[in-house]
Structure formats: C-alpha cells, structure tokens
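Work through the following exercises with the sequence and the coordinates at hand. Each task is followed by a solution that proceeds step by step.

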Amino acid sequence: MSPHPGDPDRSVPGVLWRRDPRGAPIPLVVDSPHNGTDWPDDFDHIVTEAELMTSVDRFVDELFAHAPAVGATLIAAQFPRAYIDANRAEDDLDLALIEGDWPLPVNPGEKTEFGMGVVRRYILKGRPIYGRRLTVDEVMRRLETYHRPYHAAVSEAIGDAHQRFGVAFHLDCHSMKPVGNAMNVDAGAPRPDVVLSDREGVTCDRAFIETAASLLGDRGYRVGINHPYKGAELVARHSDPAAGRHSLQIELNRALYMDVETFEKSAGFDTLKADLDGFLEDLADFVMDRAV
Ligand SMILES: [Zn+2]
C-alpha cells in the first residue's frame, strides 16, 4: 500500500492525493499518474503482482516530493495504471476487451494496438491481464471513479495557477525501463537517463523544454527529446501554449534509482532525489520569471 500523504481536504481517498504549496505558490503543477499500487478489489487480473509492478512508475511521487516546497502543487494517483490509465484518452479504448455494447465513441490510438490503451490488454507481450472480457459497467466505473477525477484534479490545479498568474506550467512525471521491451517502439534499445516530451513542440513553449533539458544536462544526465516517448494524454489534454498553459512530460530511467527486478530503491535513489530537488528549485525560478 502506498502512503497517503496528501492534504486531506484536497485528496480523493483511494484515487489520488494532492499536496498544495508550502509557502508562496508558483504556477507549477507536478503530477505522477502511474505510481499507484493500491490494487482495487474488482481488478480481477490473472497476472502476478510482479508482472503488474513492471507497469508501475514506482517512487516517482517520492522523487518529485520537493515540489510543494518550491511552491508547486503535487498530485499523484493511488490507483494502478494497469487498471485504468490516466495517461490515455478515455476514448482510446480497445472494444475487443469489452463485453456488450460500449455506449460512447471510441478512437483507439497506436498504443492500443500494443495493448496499452486506457484499459490495458497486455501487461507484457503475450501476457493478457484478464481472463475474460470486462463489462461495460466495470469499464465505465473505472472511468468515472478514477480517470475523470484524476483529470479533474489536474485541470483544477492548472486552472487555478493560470487564473492567478496568467500562465501555468505542468510537469507530468513518469519512469521508463532502461531498455525498451517488445511492447515498446524502441524494443531492445538502451534509453537515456531522462526523456522530455512535448509531442514534437506542441504542448509547451520551446523555452520550457529547453530549460528543463539544460538544467538536467548540467547535472550530468543524458537527456533525450521526444524519443521514444512523444508525450501522451496528460500533456496533450491540459496544455494550450498559445493561452499560456505549458505541459511537459518527463520520463526517468529506472536504472538510476531502483532495482528493476525487485522494484526496490537502489543506492542511486538519494543522488537522483537530491538532483531533482535542485532541478525543481531552478525550474521554479524559470516559472516565476514567466509569471505575469
Ligand atoms: Zn508512466
């Protein structure tokens, strides 16, 4: 079970926790949609917990825990992304997974072909998560109880920042395996330390991604841009750079801070955490320079 360290009045038990800024707020929202390990009672998966853990961005909420101290709002999911994935559009749905007639329009994307839509089909290549189809009611409940409240929380935090400062910056935080697996577009390829994504220049001003890249590069990290990750639903849905809403996706290489077999922290965790504390402090300076 994950700790529940959010502000009680701003968190949704079992769904997400939210921590507001300590001290003066700045227009920065940090979110971690994939760290959740509270397996819901009705998950009904047929895979092992170790297989499920491969899809969890473990410790990402902890790695960015300094965010409220620099004035940012921090939001983290408690539900597992293998159950319902907040980083996919709700219409990115594989109808082959569903029993009965789905009542809403669908628009499956290319990730769905790999079994990684809003409801995930495979945990690893050739390993279906479920032994049956899910009912319309089950999938609808996952959307209504988890996916929509998560997006509502991110939207509210970004909206509040934008209203107050005329601009809002959003960092959507993830982890990646050190080498792409057979379900990834870069199967077999070693990855850099960090990948930053803005959907090829769509979800933020260049200054935001370039500043983030140089702050990480200065700390000795090898930074990739838009490959093998381009950025997904969180940054797509909540950004509008022309209106001053800038979203950036960040993927941290798990080999920096955890044992990818046991899912426990490694000796590198404290170094990465300290570097990310400094990164957030420097990013806060950038954000405040841009606030109006
Ligand atoms: Zn992720």
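**Exercise 1.** Locate Glu200 relative to the secondary structure, and decide whether Glu200 is buried or exposed.

*Solution.* Glu200 is found in the loop between β9 (194-197) and α5 of this predicted model. The next step is to count neighbours: there are 11 other C-beta atoms within 10 Å of Glu200, and because a residue with 12 or fewer is classed as exposed, Glu200 is exposed. Turning to the backbone, Glu200 has a positive phi of about 60 degrees although it is not a glycine.

**Exercise 2.** Carry out the analysis for Asp44, and state which class of exposure Asp44 belongs to.

*Solution.* Asp44 lies in the loop between β2 and α1, and its phi is positive, about 55 degrees, although Asp44 is not a glycine. The neighbour count inside 10 Å is 13 C-beta atoms, so Asp44 counts as partly exposed.

**Exercise 3.** Describe the surroundings of Val47, beginning with the question of which residues it touches beyond four places in sequence.

*Solution.* Val47 is placed in the loop between β2 (28-32) and α1 (49-53). Not counting residues up to four places away in sequence, Val47 touches Leu52, Ile123, Arg127 and Ile129. Val47 counts as partly exposed because it has 18 C-beta neighbours inside 10 Å, where 20 or more would be needed for a buried residue. As a check on distance, Val47 and Val194 are 147 residues apart along the chain, and their C-alpha atoms are separated by 29 Å.

**Exercise 4.** Determine whether Arg58 is buried or exposed, and find its contacts.

*Solution.* Arg58 is found in the loop between α1 and α2 (60-63). With 23 other C-beta atoms within 10 Å, Arg58 is therefore buried. Its contacts, leaving aside neighbours within four places in sequence, are Asn35, Met258 and Phe263. Arg58 and Ser175 are 117 residues apart along the chain, while their C-alpha atoms are separated by 7.7 Å.

**Exercise 5.** Find the peptide bond from His227 to Pro228, and state whether it is cis or trans.

*Solution.* Omega for the bond from His227 to Pro228 is near 5 degrees, and the bond is cis. Pro228 itself has its place in the loop between β10 (223-225) and α6 (233-238).

**Exercise 6.** Characterise the packing of α5 against α7 by angle, handedness and contact residues.

*Solution.* Two packed helices are described by the angle between their axes and the distance between the axes. Helix α5 (residues 206-218) and helix α7 (residues 269-290) pack at an angle of about 150 degrees, with their axes 10 Å apart. Since angles over 145 degrees count as roughly antiparallel, α5 is roughly antiparallel to α7. Their crossing is right-handed. The contact is formed by Thr211, Ala212, Leu215 and Leu216 from α5, together with Phe279, Asp282, Leu283 and Phe286 from α7. Sorted by class, this contact of α5 with α7 has 6 nonpolar, 1 polar and 1 charged residues.

**Exercise 7.** State how many residues the largest nonpolar core has, and which residues have the most contacts inside it.

*Solution.* The largest nonpolar core has 69 residues, and those with the most contacts inside it are Val29, Val30, Phe64 and Leu248. Helix α4 (residues 136-165) gives the most to this core, with 8 residues. Taking Val30 as an example, and leaving aside its neighbours within four places in sequence, Val30 is in contact with Phe64, Ala67, Ala72, Leu74, Leu171 and Cys173. In soluble globular proteins, nonpolar side chains tend to be buried together.

Technical notes: Residues numbered from 1 in each chain as written. Predicted model: local features only at pLDDT ≥ 70, side-chain atom pairs only at ≥ 80, totals over all residues. Axes fitted to C-alpha atoms, helices over the stretch in contact; angles between N-to-C directions. Helix = DSSP H or I, 4+ residues; strand = E, 2+ residues; numbered from the N terminus. Parallel < 35°, antiparallel > 145°, perpendicular 65-115°, else oblique. Left-handed = near helix turned anticlockwise from the far one by under 90°. Contact = placed C-beta atoms within 7 Å. Nonpolar A, V, L, I, M, F, W, Y, C, P; charged D, E, K, R; others polar. Core = buried A, V, L, I, M, F, W, Y, C linked by C-beta atoms within 7 Å.
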